[in-house]
Amino acid sequence: MADSLGVKPETIFQLADSLGVNPENVLQFADSLGSGLKSLPMVNDLLGQDSVKNDSIAFRPPPGKSDIETTVVYSANDSMFFNLETQDMFLYGGAKIKYGIIELEAEKIEVNWVKNTLKANYVLDSTDQKIGKPVFRQGSEEYTTDDITYNFKTKKAVIKGIITEQDGAFMHGEKVKKNEKDEMYIREAQYTTCNLAEPHFSIHSKKLKVIPKNKVVSGPFRLYFGKIPTILAFPFGMFPQPRKKASGIIVPQYGEDATRGFFLREGGYYFDINDYINLTLTGEIYTRGSYGLQTRSTYRKRYAYSGSFNVRYNKSVTGTLAEDKPYSQDFWVQWSHSPQSKGTGRFSASVSAGTSSFSQNVNLISESYSRSINAQFNSNVSYSKSFRTVNMTMNMRHNQNVQTGLVNLTMPEMSMNANRIYLFKNSQKLSKTVLGKLGLSYSMTAKNDLSNAAKSSPSGYTVVNRGALDDSLVSFNPENFDIIFDRAKNGMRHSIPISTSFNVLKYFTVSPSFNYTELWYPKELRYTYVPEQEGVRIDTLRGFSRAGYYSSGASVNTRLYGFYPIGGKKIQAIRHVMTPSIGFSYSPDFGAEKYGYYDEVQINEKGDTRTLSKFEGFAYGSPARGESASMSFSLNNNIEMKVKTKNDSIDEFKKVKLFDNLSFSSGYNFAADSFKLSNVSMSARTSFLNRAVSVSFAGSIDPYVYILDSIKYTSGGGKRIYDHRIDRFAWNNGNGLGQLSRGTISLGLNLAPKSKKKNTQNNGQEQNGRGEGYDPNDLTDPNNPYSDPYNLEEGVRNGEFIGQGVNQYTAYNDANQYVDFSIPWNLRANYSYNYSKTGFEDSKITQSLSFSGNISLTEKTKIGFNSGYDIKNKEFTVTRLNLSRDLHCWTLNFNWVPFGPNQSYFVEIRVLSTLLSDLKLDKRSRTAYSGF
């Protein structure tokens, strides 16, 4: 066998050692020639093994004999050929080579161990199709090529027909040179963010240099759509490849506004401060004098907290170019802070406040839909701390109506609650008795309410020292702070509830209770009749003042179950759960003179008197006047039926709720002189068609009779009704149960495919991406993504863009947001009918209708809308239509407010990738385009 090769086995090993070649490779090659050399006992002894059989062969050169620095692992599915003389190795069919962090796959690979090079290319099949194109990987980088030559020593490569991805961008090139710094020089190059083999758009250049993790530098280039060139050509270009964090300039948009003139807006600078916080400063300026400034900041500390802060100021100038231009100054503050629940302390904030005219004077086409239709804004900043037996909470609350200008501010509000203490819990004899269940707790609340609302006007008497501004709402600004602080309502309330419970007749639970409440105020009122002015002077006496009151009572409740078998083909049974409850409470008359909380005050020259409280209009009010011995009763019902499923092959049933809730409640005051029976309240809630349609009702019935006194007409044609209520039940007067004094009917419609409805909660609410519940019919709910079709403020609220860099600025500033095209369609509508009537007065009816939805015309095209209808004024409320089109690597968004004071439109087409975020074209109503 040795003669067949012309050498002895010892010579083979000596030759392999002198050439720096692994002897196993030589034997593998010899064996492929049928020499049988590997089976010789001498060879096995030299190798120290019985046989050599590897799918992948590892070659490690001896030290000092080659420039190859580490093990080379290679394999092939078809065959391998090794030339001992030239030290060339050829791999065929699914060839693979791994050298350190470098991996190469191709249909054919050639390796030269002397020159330290490898070559790879594809082969053509019977239909002249390329198969096994080389795929070169180096770390996280990957290249798909037609042909590649790589040098192990110099780490340089020459590549033909390359397609590679660099930080989200795709480079195509006919010929590429790659140096040891991984820099690439590409000829006949295409630069694009489209991941298709034939991209929808690209930038064509004769020469292109790619510096990884830094930039792409181009010579003269031209923009192509598909294979069609455009007129957009430039002498050179530089395309930065963003790191995770990067400060930089934000290029402004330019155009023309019909009322404010030409503009530059939303330009500024992005500050990458550190890993935890960033800051964006932008501004806008108009040729007719208007301007605005805005600062945004998002922050996040992992495992601790995250949040965002946004302050915006706008000066809007209207009218002509006259010197006395009318203008308005507006600002808006938004702050969101969300902590991670750990430890015993927790701080959170949700602030949205500003001037009442902000929404009217700011271009709302770029604002969220909820802001444009919402008049009520609320804020809350809270801190809570848990001690061993006590929980403490501090809040600052804000409530603002931008239509009326009313602002209510609670600063601060503090509460403290002690855990319930069972007095006889440790007594073994009493632990299971009534005394063993006897427990008490303590709670304290204190608050300071500020408001610019008018002072409450007393009824039935004249206040002689009432100020001129007391009857008016004042602007909430520093100039009026002295008036606002004078109207402040502050105080402290302490409560000590004591209760226990026990069972009677096994099924009835009795719960007696006693409650004591103490009120502390920093002032009290003194009333003095002034004969000269025929009125009452109200003086405020500063100093500590208190009032205490108590009540006692007991309640009895149980639960009754009814089961009505039907045994039909469709309906098996109806189940009825009733929860009756009866309660009794008693409290003395704290208006009595011995308590000192009320004064009997003369109010006119006739000597008429009025009982007035020393704490009238205070934060926690006054102890109640009049003795009360009341009994309350209520009945809650839940009715559901068991029906057979549509699958007849399986005898299964499901529960269908007829009424989620059907309740009645009222009360009776035994100690009252008249009108002892309270109004009867009732409510019902149900849904149909797998909760697609929901219906709810709430109302109140007045059980007493009204007597008409007179009807008078004013000079303007108005009508005034004079009547009074008498202590006689309506059913004793032939008027049925009484008069419906208040009623509300709400109808909700929520239609969507089954795949969409699977995301709903058991209570009919949906969940967004953060897992928070929202009402799909409430377009003002900030958790409802349908309130804003593009979720324009979502990124700011959640701090999602921390560390993303300047190129991410437009991700939450413009309408370039993710649209879920997987939902074919959905429709939501809500109708509310409200009725109220007192005595013989005309009934008051208000109705509201809101609706929204979207539909996917194709898999890539979606149309959505939000609107409502004012039934009283017979006109539509703020309406917004939006169109989204997924163009693969581009996106098209069209947003239109067709009518109303905010009538406007916005259309934009842009590249999805942030690498080319400035490659866009947008147009606003009455606005010149701002683009490339």
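This text walks through a strand hairpin and two surface patches in a predicted model.

Start with strand β13, which covers residues 169–178. Seven of its ten residues are buried, so this strand is mostly covered; buried here means under 20% relative accessible area. Its partner is strand β14, made of residues 184–192, and the two strands run antiparallel. Seven bridges join them. One example to find in the structure is Val-176, whose bridge partner in β14 is Ile-186.

Now follow the chain from β13 to β14. The two strands form a hairpin, with five residues between them. In that turn sits Asp-182, which has a positive phi of about 65°.

Next, look at charge on the surface. Lys-160, Lys-175, Lys-177, Arg-187 and Lys-207 gather there in a patch of positive charge. Lys-160, one of these residues, lies in strand β12, residues 157–166. Is Lys-160 exposed or only partly exposed? Its relative accessibility is 42%, so Lys-160 counts as partly exposed. The label fits because exposed requires over 50% and buried requires under 20%, with partly exposed in between.

The other patch is nonpolar. Val-504, Leu-505, Tyr-507, Phe-508, Val-556, Ile-582 and Phe-633 make up this surface patch of about 650 Å². Among them, Ile-582 belongs to strand β37, which spans residues 571–587. Ile-582 has a relative accessible area of 46%, and therefore it is partly exposed.

Methods:
Residues numbered from 1 in each chain as written. Predicted model: local features only at pLDDT ≥ 70, side-chain atom pairs only at ≥ 80, totals over all residues. Heavy atoms only, no water. Buried < 20%, exposed > 50% of the residue type's maximum accessible area, 1.4 Å probe, protein only. Helix = DSSP H or I, 4+ residues; strand = E, 2+ residues; numbered from the N terminus. Pairing = 2+ DSSP bridges. Patch = residues over 30% accessible without salt bridge, like charges linked within 9 Å, V, L, I, M, F, W, Y side chains within 5 Å. Areas by Shrake-Rupley, 256 points an atom, 1.4 Å probe, with all protein chains shown as cover. Salt bridge = Lys/Arg side-chain N within 4 Å of Asp/Glu carboxyl O. Lys, Arg positive; Asp, Glu negative; His and termini not counted. Charge placed at Lys NZ, Arg CZ, Asp CG, Glu CD.
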